[in-house]
Amino acid sequence: MNDTSMNFTSFTRSILKDLQRKLGDNYSVFSHNVKKNNGIELTGIVAKRKGCNTSPTFYINDLYKPDLTLAETGKIADMLYDYFQAAEFDDDLDISGFVEFDKAKENLSFKLVHADKNKELLKLIPHKVFHNLAIVFYYTVQEAPFYGKGAILVYNTHMKQWETDLDTLYQTAFKNAPILFPNIIENMQDVMRSILMEGLEEELIQEEGVEAELLKEVWEQEVGETKMPMYVLTNKQKLYGAACMLYPGVLKGFAEKIGRDFYILPSSVHEVILVPADSNTDQEALCEIVTEINRTQVAEEEILADSVYFYNKKLDKVLWIS
């Protein structure tokens with residue numbers, strides 16, 4: 001380590017000092033630790049404008065390296081300053097609807113988290129166990145600029161303040177979720193095609209004399225029309241979409257459409273993958289796929305489980321098989 005490098009605490013202090021200087025006295029710049037899903041704790045930087053009740057948070061853990069210098073830290077502060085300027089809220093966020101249950105219940109929804117990895121958090125929040133997962137509840141912020149993408153986790157203290165109980169939360173959230181966050185099921189190949197085509201079109205901005213349509217034709221020829229026997233279940237907002245596996249009638253309707261049972265692979269808290277079952281299905285291989293995805297493709301705080309589930313069409317039931 002060279003003489004000008006710094007530890008994470010010094011890094012954080014340097015960022016705060018630079019941002020406070022850049023933003024001026026009209027802002028209060030501070031850091032705080034935020035406990036995320038799966039017990040992950042991140043350090044967030046907040047720049048709160050005086051007179052405004054809402055401010056964005058940017059997490060700096062991934063920006064830190066042990067050999068960072070003061071000059072490099074200054075560049076990171078410049079970048080965060082630009083982020084704060086772009087993300088600043090023009091008006092106060094109205095969350096008065098969260099105070100009283102009669103108003104809050106209209107925006108209550110639920111998501112799935114891993115039970116064991118969140119056992120300390122589950123001591124503080126209302127929840128129901130589903131196999132090795134837990135159903136937890138949140139208030140979805142429908143006001144600008146979030147419009148459904150902001151969420152306030154419901155704690156036991158909120159439930160006490162609302163003078164309500166777990167069963168009422170459960171029934172309310174399960175009624176709301178399919179309306180607030182309608183589910184979608186897409187063929188995996190179509191999803192991959194969409195993602196890759198977006199990437200190709202972005203690359204074309206840098207290419208001269210190459211037409212997007214030509215590359216699309218090449219891509220279509222490479223992919224062909226063969227459908228992958230895998231489907232992605234999520235919601236239209238792609239936020240906590242793994243919970244869609246518990247929406248009434250969703251799995252049953254899919255099973256009737258494909259005419260068979262299927263496996264459920266939790267690829268993240270935001271989606272699950274449905275794999276139609278047949279006599280040649282290798283359950284061990286499916287478990288390896290889930291584990292590999294979680295270790296290489298999913299942020300640690302967004303992992304749902306290293307597990308595979310099975311939907312039995314006849315029983316209309318989700319079974320935990322590994």
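Two strands count as paired if DSSP finds at least two bridges between them. Keep that in mind as you look through these views of a predicted model.

**View 1. Six strands line up in an open sheet.** Follow the strands in the order 8-9-11-10-12-13, and you will see that their pairing is antiparallel. Strand 8 (183-187) and strand 13 (317-320) stand at the edges; each has a single partner strand, so one side of each is left without a neighbour in the sheet. From one strand to the next, the twist averages 30°.

**View 2. Strand 10 meets strand 12.** Here residues 262-268 (strand 10) and residues 309-312 (strand 12) run antiparallel, joined by 3 bridges. To find one pair of partners, look for Phe262, whose bridge partner in strand 12 is Tyr311.

**View 3. Helix 9 packs on the sheet.** Made of residues 250-258, helix 9 touches strand 8, strand 9 (231-235), strand 10, strand 11 (271-276), strand 12 and strand 13. The direction of helix 9 makes about 130° with that of strand 10.

**View 4. Helix 10 lies across strand 10 and strand 11.** This helix spans residues 283-296 and runs at about 15° to strand 10.

**View 5. Stepping back to the whole protein.** In total there are 10 helices and 13 strands. Of the 322 residues, 42% count as buried. The accessible surface comes to about 18,300 Å², and 50% of that belongs to carbon and sulfur atoms. Among contacts between residues at least 6 apart in sequence, 63% join residues at least 24 apart.

How values were computed. Residues are numbered from 1 along each chain as its sequence is written. This is a predicted model: local features need pLDDT of at least 70, side-chain atom pairs count only at pLDDT 80 or more; totals for chains, interfaces and linings use all residues. Side-chain values use heavy atoms; hydrogens and water are left out. Helices (H or I, at least four residues) and strands (E, at least two) are DSSP runs, numbered from the N terminus. Axes are lines fitted to C-alpha atoms, for helices over the stretch in contact, and angles run from 0 to 180 degrees between N-to-C directions. Contact means heavy atoms within 4.5 Å. Buried means under 20% relative accessible area, exposed over 50%, partly exposed in between (1.4 Å probe, protein chains only). Accessible areas come from the Shrake-Rupley method with a 1.4 Å probe; for residues, only the protein chains shown count as cover.
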